[in-house]
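Thanks for sharing this one. Here are a few friendly notes to read with the model open beside you.

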Amino acid sequence: QEKYIAMTNALISSVDVDGFRVDTPMQVPLEFFKAWVPAVQEHARSLGKTKFGIFGEFFVEPERYATMTGRGKTPGMYGHDAF
């Protein structure tokens with residue numbers, strides 16, 4: 001995991017990457033992303049990239065993907081445009 005963080009940070013620094021698309025994130029343990037995303041965002045911010053984007057595509061039931069986007073932690077969080 002630390003090697004992936006170091007590799008990603010080196011890529012951002014060396015080729016001026018502005019964001020990443022993560023393919024099939026459901027195939028990677030959630031614990032990886034809990035460490036990788038904050039580390040990558042912090043590194044990007046240190047380079048002045050305040051809007052560094054990280055997104056992925058996946059297909060699951062709404063109850064599952066809502067937890068990955070910060071929504072759906074409680075039933076009352078559904079059906080609203082902003083949180």
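1. Let me begin with Asp23, which is partly exposed, with a relative accessible area of 48%. Please keep in mind throughout that this is a predicted model. The salt-bridge partner of Asp23 is Arg21, with 3.5 Å between the closest N and O atoms. Arg21 is partly exposed as well, at a relative accessible area of 43%.

2. That pair belongs to a short list: the search of the whole structure turns up four salt bridges. As general background, side chains of opposite charge can pair when their charged atoms come close.

3. Which residue meets Asp16 in a salt bridge? The partner is Lys49, at 2.6 Å from N to O. This pair links distant parts of the chain, 33 residues apart. Lys49 sits in the loop between helix H2 (30-46) and strand E2 (53-57), while Asp16 is in the loop between helix H1 (2-15) and strand E1 (19-23).

4. Are the two ends of that bridge buried or exposed? Lys49 is buried, because its relative accessible area of 13% falls under the 20% cut-off. Asp16 is exposed, because its value of 52% is over 50%.

5. Lys49 also forms a salt bridge with Asp18, where the closest N and O atoms are 2.9 Å apart. Lys49 lies in the loop between H2 and E2 and Asp18 in the loop between H1 and E1, so this pair ties together parts that are 31 residues apart in sequence. Asp18 is exposed, with a relative accessible area of 55%.

6. Put these together and you have a network: Asp16, Asp18 and Lys49 are joined by salt bridges that share partners. If you colour the charged side chains in your viewer, this group is a good place to look.

7. Now for the nonpolar side. In soluble globular proteins, nonpolar side chains tend to be buried together. Here the largest nonpolar core has 11 residues, among them Ile5, Ile12, Val17, Phe20, Trp36 and Phe52. H1, E1 and H2 are the elements that give two or more residues to this core. Which element gives the most? H2 does, with five residues.

8. Finally, Phe20 deserves a click. Leaving out residues up to four places away in sequence, Phe20 touches Thr8, Leu11, Ile12, Trp36, Val40, Phe52, Gly53, Ile54 and Phe55. Of these contacts, Ile12, Trp36, Val40 and Phe52 are listed with Phe20 in the largest nonpolar core.

How values were computed
Residues are numbered from 1 along each chain as its sequence is written. This is a predicted model: local features need pLDDT of at least 70, side-chain atom pairs count only at pLDDT 80 or more; totals for chains, interfaces and linings use all residues. Side-chain values use heavy atoms; hydrogens and water are left out. Helices (H or I, at least four residues) and strands (E, at least two) are DSSP runs, numbered from the N terminus. Buried means under 20% relative accessible area, exposed over 50%, partly exposed in between (1.4 Å probe, protein chains only). A nonpolar core is a set of buried Ala, Val, Leu, Ile, Met, Phe, Trp, Tyr and Cys residues joined through side-chain atoms within 4.5 Å. Contact means heavy atoms within 4.5 Å.
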